[in-house]
Amino acid sequence: MHPSSAPITYKNRLLGSLPAEVIQLVAPHLVSVDLPRNRTLKEANQAADGAYFLEGGVCSIVATLEDGMSVEVGLIGREGFVGMAAVLAAGFSPNRYFMQIPGYGFRMKAMVLRELADTCTPLRHCLLRSVQGLLVQTAQTAACNRLHDLQERLARWLLMCRDRVQSDQVDVTQEFLATLLGTRRSSVTVAAGILQK
């Protein structure tokens, strides 16, 4: 960053929380990217070559079972980052990550992020806190999927998306919601009708 240039204000909360000296290390490696709906950020069981810091939009983490059925197991918005496998030195994740609500953000090479995290303790701690946040969310999603009925799960999903896009408009189809919630479209129609009332 040029000393006379004004610092960038990041909407991504992880980037925005980093101390100025850490941002100076990270910023030269961030490339601005548009993230259209359905863009896959990482395929299941493939090494991630990039990490993404969303400034807008929502990324869905989907687990696919052997029979081909899939269900959403997590969401990432501007509160975190996509690319945890690189930071955890896991190499790959069994889940697919894709943009369910279009947005934009920054991309960084996964190897660069890992190298920076290995040498910069404040960055590593911030990234690991983000991973912890996603683990808590995933555990809550598992409990919700087991204990709550569909309309409660749908309400939770809508509120989680609303928090990330900061709008009452969440542009998704009922068919898409059925896939994410692991149910039939007709069930989502009934649950949405109950919520609307």
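**View 1. Contacts of V26 in the predicted model.** Contact here means heavy atoms within 4.5 Å. In this predicted model, V26 touches L15, L18, M108, L116 and L123, leaving aside residues up to four places away in sequence. Keep V26 in mind, since the next view brings it back among the residues of a core.

**View 2. The largest nonpolar core.** This core has 37 residues. Which of them touch the most other members? They are L15, V26, F81, L113, L123 and L127. Several helices and strands give two or more residues each: the helices are α1 (13–16), α2 (20–26), α3 (84–87), α4 (110–119) and α5 (121–147), and the strands are β1 (31–35), β3 (50–64) and β5 (96–109). The largest share, six residues, comes from β3. As background, nonpolar side chains in soluble globular proteins tend to be buried together.

**View 3. Another core, apart from the largest one.** Twelve residues make up this other core. Among them are L75, L150, V170 and L181.

**View 4. Two cysteines, C120 and C126, without a bond between them.** How many disulfides does the structure hold? The count is zero. Why is C120 not bonded to C126? The closest cysteine sulfur to that of C120 is in C126, and at 9.9 Å it is too far for a bond. A disulfide would need the two sulfur atoms within 2.5 Å. Seen from the other side, the sulfur of C126 has its closest cysteine sulfur in C120, again at 9.9 Å. Are these cysteines buried or exposed? C120 is buried, because its relative accessible area is 8%, and C126 also counts as buried, at 8% relative accessibility.

How values were computed:
Residues numbered from 1 in each chain as written. Predicted model: local features only at pLDDT ≥ 70, side-chain atom pairs only at ≥ 80, totals over all residues. Heavy atoms only, no water. Core = buried A, V, L, I, M, F, W, Y, C linked by side-chain atoms within 4.5 Å. Buried < 20%, exposed > 50% of the residue type's maximum accessible area, 1.4 Å probe, protein only. Helix = DSSP H or I, 4+ residues; strand = E, 2+ residues; numbered from the N terminus.
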